[in-house]
Amino acid sequence: MARTETIPFRDFMKNEKRSVQLDPVKKVLASSGSIALMTMPRMAMAAGADATFGNVHGAIMNVFDAGVVLVIIFAGASWGLGHRTKAIEILIGVCCGYVLARHAVDIRDFLKGI
């Protein structure tokens, strides 16, 4: 179990960094681990990750599509029952969310390219 440390509120609000003293073994492991990660080929680690991510993303998007349809049906029912402003608010929200979810990979790739 992780050790919990409490700090005074004033120290937290000052936002000062405390120096953490590592023992020599942890220093060696921390520095060698970062060097090993930098020298490891990136393509070897990510070779199967994109295929797996594509499968998981496709499955999640299929469920998400069904959820969007149900929310649009609910908004239509709300509109039909006289809650026009609430229905429009729901429709705007679900449309914006759907566009963001559908283009999440494109947005990620765009931000990586910056």
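# A first look at a six-helix chain

Let's start with one residue: valine 69 is partly exposed, having a relative accessible area of 47%. This residue sits in helix 4, in a model that is predicted. The protein chain around valine 69 has six helices and zero strands. The points below go from the whole chain to helix 5, and then to the contacts and the surface.

**The chain as a whole**

- Reading from the N terminus, the order of elements in the protein chain is α-α-α-α-α-α.
- The protein chain has 114 residues, and buried residues make up 6% of them.
- Its accessible surface comes to about 10100 Å², and carbon and sulfur atoms account for 68% of that area.

**Helix 5, end to end and side to side**

- Helix 5 covers residues 84–102. Its 19 residues, at 1.5 Å a residue, should span 27 Å, and the C-alpha atoms at its ends are indeed 27 Å apart, so expectation and model agree.
- Three residues of helix 5 are buried: Ala87, Ile90 and Val94. They lie on the same side of helix 5, because the arc they cover around the axis is only 60°.
- A general rule is handy here: an α-helix has 3.6 residues a turn, so residues three or four places apart point the same way.
- The face of helix 5 that is turned away from the buried side carries the exposed residues Thr85, Glu89, Ile92 and Leu100.
- Two of these exposed residues return below: glutamate 89 has a relative accessible area of 51%, while leucine 100 has a relative accessibility of 53%.

**Where helices 4 and 5 meet**

- Valine 69, our starting point, is 25 residues from valine 94 in sequence, yet their C-alpha atoms are 9.4 Å apart in space. Valine 94 is one of the buried residues of helix 5.
- How many aromatic pairs does the model have? The count comes to one. The pair is formed by phenylalanine 64 and tyrosine 98, whose ring centres are 6.1 Å apart and whose planes are at 5°, so the rings are stacked.
- This pair links distant parts of the chain: phenylalanine 64 belongs to helix 4 (residues 49–80) and tyrosine 98 to helix 5, with their positions 34 residues apart in the numbering.
- Both rings belong to partly exposed residues, with phenylalanine 64 at 31% relative accessibility and tyrosine 98 at 29%.
- A salt bridge joins arginine 102 to aspartate 65, with the closest N and O atoms 2.6 Å apart. Arginine 102 is in helix 5 and aspartate 65 in helix 4, so this pair ties together parts that are 37 residues apart in sequence.
- Arginine 102 is partly exposed at 33% relative accessible area, and aspartate 65 is also partly exposed, at 21%. That value for aspartate 65 falls in the partly exposed class because buried means under 20%.

**The other salt bridges**

- Side chains of opposite charge can pair when their charged atoms come close. In this model the count comes to three salt bridges, including the one between arginine 102 and aspartate 65.
- Glutamate 89 forms a salt bridge with lysine 86, and here the closest N and O atoms are 3.8 Å apart. Both residues lie in helix 5, three residues apart, which is about one turn of the helix.
- Which partner is exposed and which is partly exposed? Glutamate 89 is exposed, whereas lysine 86 is partly exposed at 44% relative accessibility.
- Arginine 108 pairs with aspartate 109 in another salt bridge, with 3.1 Å between the closest N and O atoms. Arginine 108 is partly exposed at 36%, and aspartate 109 is partly exposed at 37%.

**A nonpolar patch on the surface**

- Leu100, Ile107, Phe110, Leu111 and Ile114 make a nonpolar surface patch of about 560 Å².
- Which helix gives the largest share of the nonpolar patch? Helix 6 (residues 104–113) does, with three residues.
- Leucine 100, another member of the patch, has its place in helix 5. This residue counts as exposed and is among those on the face turned away from the buried side of helix 5.

Key
Residues numbered from 1 in each chain as written. Predicted model: local features only at pLDDT ≥ 70, side-chain atom pairs only at ≥ 80, totals over all residues. Heavy atoms only, no water. Phe/Tyr/Trp six-rings, centres within 6.5 Å; stacked < 30°, edge-to-face > 60°. Helix = DSSP H or I, 4+ residues; strand = E, 2+ residues; numbered from the N terminus. Buried < 20%, exposed > 50% of the residue type's maximum accessible area, 1.4 Å probe, protein only. Expected span 1.5 Å × (residues − 1). Arc of directions from axis to C-beta. Patch = residues over 30% accessible without salt bridge, like charges linked within 9 Å, V, L, I, M, F, W, Y side chains within 5 Å. Areas by Shrake-Rupley, 256 points an atom, 1.4 Å probe, with all protein chains shown as cover. Salt bridge = Lys/Arg side-chain N within 4 Å of Asp/Glu carboxyl O.
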